[in-house]
Amino acid sequence: INGISEDNISNYYELSISDSIELMLREEGYTASRVEIITNSEYEIIKCTIHYEKNIGNNDSFDSEKQAMIKNKISDVYNVEVDNIYIVSR
């Protein structure tokens with residue numbers, strides 16, 4: 001692909017993964033206000049941060065059990081360490 005920089009490819013990939021994770025969350029009954037993905041030069045996810053607003057579009061808050069379930073699911077699908085997945089409420 002001529003004319004497309006490595007940064008553009010990386011940004012597109014991260015955006016695509018973010019969208020997929022947002023869809024996965026919606027399927028579980030949650031709405032993320034933003035999902036941030038950081039990848040390394042080999043496009044491996046090194047950090048995932050899920051931002052959500054309490055009680056807005058969510059069936060209830062993420063308790064620790066639900067957070068663990070979501071983190072494990074993301075870890076399994078995207079091969080990212082659970083310790084590198086963060087769920088942050090506003």
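## Helix α2 and its surroundings

At 1.5 Å a residue, the 15 residues of helix α2 (residues 64-78) should span 21 Å, and the end C-alpha atoms are indeed 21 Å apart, which agrees. That expected span is 1.5 Å times one less than the number of residues. This is a predicted model, where local features need pLDDT of at least 70, side-chain atom pairs count only at pLDDT 80 or more, and totals for chains, interfaces and linings use all residues. Residues are numbered from 1 along each chain as its sequence is written, and side-chain values use heavy atoms, with hydrogens and water left out.

So which residues of α2 are buried? They're I70, K71, I74, S75 and Y78; buried means under 20% relative accessible area and exposed over 50%, with a 1.4 Å probe and protein chains only. Looking down the axis of α2, the buried residues fall within an arc of 135° (taken from the directions from the helix axis to the C-beta atoms), so they line one face of the helix. E65 and D76 are exposed on the other side of α2.

The buried residues of α2 pack against these elements:

| Partner of α2 | Residues |
|---|---|
| α1 | 6-27 |
| β2 | 45-52 |
| β3 | 85-89 |

Right after α2 comes N79, with a positive phi near 55°.

Zooming out, the chain has two helices and three strands, in the order α-β-β-α-β. Helices (H or I, at least four residues) and strands (E, at least two) are DSSP runs, numbered from the N terminus. Of the chain's 90 residues, 31% count as buried.

How values were computed: Contact means heavy atoms within 4.5 Å.
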